[in-house]
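Okay, thanks everyone. Let me put the structure up on the screen, and then I'll walk you through it piece by piece.

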Amino acid sequence: MAGLKDVVAREYTINLHKRLHGVTFKKRAPRAVKEIKKFAKLHMGTEDVRLAPELNQEIWKRGIKGVPLRMRLRISRRRTEEEDAKNPLFSYVEPVFVASVKGLQTAVVEEDA
């Protein structure tokens, strides 16, 4: 993991529609959770990905098969609190509530934490 800039937060729009194409109705929400984790792992380069409870509620809000087509996510790479952790960094994914996800680009967010 050399060259990984330490802690950073970015906002992404993920297209769940293309990632869930052809997935059985009863497996759509669970697959969406897996796809979001995969997306965060790819973009942040961390093995450990944690989802905010609000994000889980946003995915499941319309039931197991009514997953939103696109979602705006804030993914932040953070330091792990535990001393003997395998990975020093983890990604935390939370939803960003916007009126419309149309035309939004990936943006770096300044965190005041």
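**Helices, sheet and what sits between them**

Let's start with helix H3: on its other side, away from the buried residues, Pro53 and Gln57 are exposed. Before I go on, please keep in mind that this is a predicted model.

So which residues of H3 are buried? They are Leu55, Glu58 and Ile59. If you look down the axis of H3, those buried residues fall within an arc of 100°, so they line one face of the helix. And what covers them? The cover includes H2, E2, E3 and E4.

Now the sheet. There are 5 strands in an open sheet, and the order is E2-E4-E3-E1-E5, with mixed pairing. E2 and strand E5, residues 107-109, stand at the edges with a single partner strand each, so one side of each is left without a neighbour in the sheet. From one strand to the next, the twist averages 30°.

Let me go through some of the pairings. Strand E1, residues 8-15, runs antiparallel to strand E3, residues 70-79, and 8 bridges join them. If you want a spot to click on, take Ala9: its bridge partner in E3 is Ser76. E3 also runs antiparallel to strand E4, residues 89-95, and there we have 7 bridges. Over in that pairing, Leu73 stands opposite Pro95 in E4. Then there's E1 with E5, which pair in the antiparallel sense over 3 bridges. Arg10 has Val108 as its bridge partner in E5.

Next, helix H2, which packs on the sheet and touches E1, E2, E3 and E4. Its direction makes about 135° with that of E1. H2 covers residues 28-44, so to speak a stretch of 17 residues, and from its first C-alpha to its last it reaches 24 Å, close to the 24 Å expected at 1.5 Å a residue. Just after H2 comes Gly45, with a positive phi near 70°.

Which residues of H2 are buried? Here's the list: Arg28, Ala29, Ala32, Val33, Glu35, Ile36, Phe39, Ala40 and Met44. Down the helix axis, the buried residues of H2 fall within an arc of 165°, so they line one face of the helix. A quick reminder for anyone who hasn't drawn a helical wheel lately: an α-helix has 3.6 residues a turn, so residues three or four places apart point the same way. On the face turned away from the buried side of H2, you find the exposed residues Lys34, Lys38 and Leu42. The buried residues of H2 pack against E1, helix H1 (16-19), strand E2 (49-51), helix H3 (53-60), E3 and E4.

One residue on that list I'd like to stop at is Glu35, in helix H2. Is it buried or exposed? Glu35 has a relative accessible area of 11%, and the cut-off for buried is under 20%, so Glu35 counts as buried. Leaving aside neighbours within four places in sequence, Glu35 is in contact with Ile14 and Arg19.

Then the aromatics. How many aromatic pairs are there? The count comes to 1. That pair is Tyr12 and Phe39, and the geometry is edge-to-face, with 5.4 Å centre to centre and 90° between the planes. Tyr12 lies in strand E1 and Phe39 in helix H2, so the pair ties together parts that are 27 residues apart in sequence. Both Tyr12 and Phe39 are buried.

Two more residues before I stop. Leu20 lies in the loop between H1 and H2. Its relative accessibility is 1%, so Leu20 counts as buried. Not counting residues up to four places away in sequence, Leu20 touches Arg28, Arg31, Ala32 and Val67. Leu20 and Arg31 are 11 residues apart along the chain, and their C-alpha atoms are separated by 7.2 Å.

The other one is His17, found in helix H1. At 44% relative accessibility, His17 counts as partly exposed. His17 and Lys102 are 85 residues apart in sequence and, C-alpha to C-alpha, 14 Å apart in space.

That's my tour. Over to you.

Technical notes:
Residues numbered from 1 in each chain as written. Predicted model: local features only at pLDDT ≥ 70, side-chain atom pairs only at ≥ 80, totals over all residues. Heavy atoms only, no water. Pairing = 2+ DSSP bridges. Helix = DSSP H or I, 4+ residues; strand = E, 2+ residues; numbered from the N terminus. Expected span 1.5 Å × (residues − 1). Buried < 20%, exposed > 50% of the residue type's maximum accessible area, 1.4 Å probe, protein only. Arc of directions from axis to C-beta. Contact = heavy atoms within 4.5 Å. Axes fitted to C-alpha atoms, helices over the stretch in contact; angles between N-to-C directions. Phe/Tyr/Trp six-rings, centres within 6.5 Å; stacked < 30°, edge-to-face > 60°.
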